[in-house]
Amino acid sequence: MHPMLNIAVRAARSAGNVISRAFEQLDKVEVEAKGSNDFVTNIDKQAENIIKDIILKSYPDHAIIGEESGLTAGKDSDYQWIIDPLDGTTNFVRGIPHFAVSIALKVKGKLDQAVVYDPIRGELFTASRGKGAQLNNVRIRVKGGKDLSGSILATGFPFKQKHNTDAYLAMFSELFAKTADIRRAGSAALDLAYVAAGRMDGYWELGLKPWDTAAGELLVIEAGGLVTDFVGGHQHSASGNLVAANPRLIKQILTDIRPHLTPAMKAK
Ligand code: IPD
Ligand code: CA
Ligand code: CA
Ligand code: CA
């Protein structure tokens, strides 16, 4: 295993242990409102600090961007870690056992290493650039279907961008008519990991942040899939609008959503 992936795995497991222990005593978790319908807990923050400490102990010059603390340390470094210490906070605070730790490393702006760890199921998804993607050390691949018939897609609702509800629902109707079914499980990192593992055929969501998707994106790519923005380009980390699937299926999804994109979505 690449030494930097090894550090990421150690960090994800340490944070995951704290999260799953806290999940057993949810009444002790401190929940704070971050924005409308958006929450953070003391466990999100504690998990982020654990991850940062482990990374910085080995690589004190590297830059770290974490959801809860922004940019830390070496902002000019070629090495940039992107961390979501707890993806699926709403599930976590509600006692729904579906959330993950997400850690990605970019080297000179390119995704290089990725870990998504589900501490409840003990599922560790990993990828290294050019080396494939694994679930608990077993190679995973995206599903190969060429069209939407019989497919299961993952998605997330735009609960932080309610002004996009109509556009989102129009995309949903279009895709739902052609798929077998659609899931909204509540963790973007696991949605992408599940696409990488072939559990889902594809995934789309709007309004995401880089820490939601950085690790999951490398998992999908290394599992043979593609990740694009809503017009097939590569502005998804800037726009937060993302589609993931195998290369043939993504084409169909992009064609199907195109008529429903708002002008802002068409730009990226
Ligand atoms: C959220 C989850 C959710 C997605 C939201 C994200 P958080 O991340 O990934 O599935 O729909 O857009 O913000 O806040 O729980 O880390
Ligand atoms: Ca959050
Ligand atoms: Ca997240
Ligand atoms: Ca989070």
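## E67 and D84

E67 is buried: 22 other C-beta atoms sit within 10 Å of its own, and the cut-off for that label is 20 or more. Keep in mind that this is a predicted model. As for where it lives, E67 is in the loop between β3 (63-66) and β4 (70-72). Skip the neighbours within four places in sequence, and E67 is left in contact with I83, D84, P85, K209 and W211.

One of those contacts, D84, is worth a look too. D84 lies in strand β5 and is buried as well, with 33 other C-beta atoms within 10 Å. Not counting residues up to four places away in sequence, D84 touches E67, S102, A189, W211 and D212.

## What the record says

UniProt, in an unreviewed entry, lists E67, D84, L86, D87 and D212 under "binding site". These positions span 146 residues in sequence, yet no two of their C-alpha atoms are more than 9.6 Å apart, so they gather at one spot.

Two of the listed residues, E67 and D84, are the buried pair from above: E67 has 22 other C-beta atoms within 10 Å, and D84 has 33. The contact list of D84 also includes D212, another position in the UniProt record.

## Around ligand 1

Which residues surround ligand 1? The set is D84, D87, G88, T89, T90, G156, G186, S187, A188, E205, L208 and D212. Two elements, β5 (79-87) and α3 (89-94), give two or more residues each to this shell. By type, the shell splits into two nonpolar, six polar and four charged residues.

D84, D87 and D212 turn up both in this shell and in the UniProt "binding site" list. And why does ligand 1 lie between the domains? Domain 1 (3-140) and domain 2 (152-266) both give residues to the shell, so the ligand ends up between them.

## Two domains and their contact

The protein is divided into domain 1 (3-140) and domain 2 (152-266). Taken over C-alpha atoms, the centres of domain 1 and domain 2 are 21 Å apart. The contact takes 33 residues from domain 1 and 24 residues from domain 2.

On the domain 1 side, β3, β5, α3, β6 (100-107), β7, β8 and β9 each supply at least two residues. The largest share there, five residues, comes from β7. Sorted by type, the residues of domain 1 that touch domain 2 come out as 17 nonpolar, nine polar and seven charged.

## The β7, β8 and β9 hairpins

Three of the strands on that contact side, β7, β8 and β9, are linked by pairing. Strand β7 (residues 110-118) pairs with strand β8 (residues 123-128) in the antiparallel sense over six bridges. To place the register, Q113 has S128 in β8 as its bridge partner. This hairpin has four residues between the strands, and G122 takes a positive phi near 65 degrees.

β8 then pairs with strand β9 (residues 133-135), again antiparallel, over three bridges. Here F125 has L135 in β9 as its bridge partner. The hairpin of β8 and β9 also has four residues between its strands, and G130 in the turn has a positive phi of about 80 degrees.

Note on methods:
Residues numbered from 1 in each chain as written. Chains lettered and ligands numbered in written order. Predicted model: local features only at pLDDT ≥ 70, side-chain atom pairs only at ≥ 80, totals over all residues. Pairing = 2+ DSSP bridges. Near = placed C-beta within 6 Å. Nonpolar A, V, L, I, M, F, W, Y, C, P; charged D, E, K, R; others polar. Domains from an automatic or database assignment. UniProt positions renumbered as here; feature names shortened; annotations may be inferred. Buried ≥ 20, exposed ≤ 12 C-beta atoms within 10 Å, placed from the backbone. Contact = placed C-beta atoms within 7 Å.
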